[in-house]
Amino acid sequence: MVGVTTTDLPLAPTADVAGCCGPAVTRAVDTDAARELARAFKALADPARVQLLAIVASQDGGEACVCDLTAPVGLSQPTVSHHLKILVDAGLLTREQRGRWAYYSLVPGALTQLAASLGEVTRL
């Protein structure tokens, strides 16, 4: 190219930058604890599952039949059942079969424990 001047720039800073920052503070998190925490948050990463959890929690008696959960979220019964299974597998809901219908309720203390676990792994 005509009239263009180039200048070579260093790829790394020439000043001593090792002393500008201390070493990163690392705190190991138990692998199993991290896996369980991630599983619970993954279960809550879907808006339909958050809605289902909130609906179950707000019911009189703290439980809801799967037959009453399809209309509020606007999903088919198989899809709602799939979402509920994920919440059960994550330890957030329990399932009780009563005849033809399944009833779901919050696991006592599950949300409090989830918040506490997140606090533990993020506390400095």
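**View 1. Lining of the largest pocket in the predicted model.** The lining residues divide into nine nonpolar, three polar and three charged. The pocket holds about 250 Å³ of space. In total, 15 residues line this pocket. Closest to its centre are E36, L37, Q113, L114 and S117. Two elements, α1 and α5, give two or more residues to the lining. Helix α5 gives the most, with six residues. Helix α1 covers residues 31-43 and helix α5 covers residues 110-122.

**View 2. The largest nonpolar core.** This core has 21 residues. L69, L84 and L92 have the most contacts inside it. Five elements are to be picked out here: α1, α2, α4, β3 and α5 each supply at least two core residues. Helix α2 (47-58) gives the most to this core, with four residues. In soluble globular proteins, nonpolar side chains tend to be buried together.

**View 3. Contacts of L69.** L69 is one of the core residues with the most contacts inside the core. Its partners are L52, I55, V56, A64, V80 and L84, leaving out residues up to four places away in sequence. L84 is also listed with L69 among the core residues that have the most contacts.

**View 4. H83 in helix α4.** Is H83 buried or exposed? The relative accessible area of H83 is 9%. The cut-off for buried is under 20%, so H83 counts as buried. Around H83 are D46, A48, R49, L52 and L75, which it touches when residues up to four places away in sequence are not counted. L52 appears in the contacts of L69 as well. Helix α4, where H83 is found, spans residues 77-89.

**View 5. Strand β3 and its pairing with β1 and β2.** Strand β3 covers residues 101-106. With β1 (residues 63-65), strand β3 pairs in the antiparallel sense over three bridges. S105 in β3 is the bridge partner of E63. With β2 (residues 93-98), the pairing of β3 is again antiparallel, over six bridges. Strand β3 also supplies at least two residues of the largest nonpolar core.

**View 6. The hairpin of β2 and β3.** Two residues lie between the strands. Which residue in this hairpin takes a positive phi? It is G99, with phi near 65°. R98 has W101, in β3, as its bridge partner.

Definitions and conventions: Residues are numbered from 1 along each chain as its sequence is written. This is a predicted model: local features need pLDDT of at least 70, side-chain atom pairs count only at pLDDT 80 or more; totals for chains, interfaces and linings use all residues. Side-chain values use heavy atoms; hydrogens and water are left out. Two strands pair if DSSP finds at least two bridges between them. A nonpolar core is a set of buried Ala, Val, Leu, Ile, Met, Phe, Trp, Tyr and Cys residues joined through side-chain atoms within 4.5 Å. Buried means under 20% relative accessible area, exposed over 50%, partly exposed in between (1.4 Å probe, protein chains only). Contact means heavy atoms within 4.5 Å. On a 1 Å grid over the protein atoms alone, a cavity is a set of points where a 1.4 Å probe fits but cannot get out, and a pocket is an open set with protein on both sides within 12 Å along at least five of seven lines; lining residues have an atom within 4 Å of a point. Grid points are joined across faces, edges and corners, and a volume is the space filled by probe spheres set on the points. Ala, Val, Leu, Ile, Met, Phe, Trp, Tyr, Cys and Pro count as nonpolar, Asp, Glu, Lys and Arg as charged, and the others, Gly among them, as polar.
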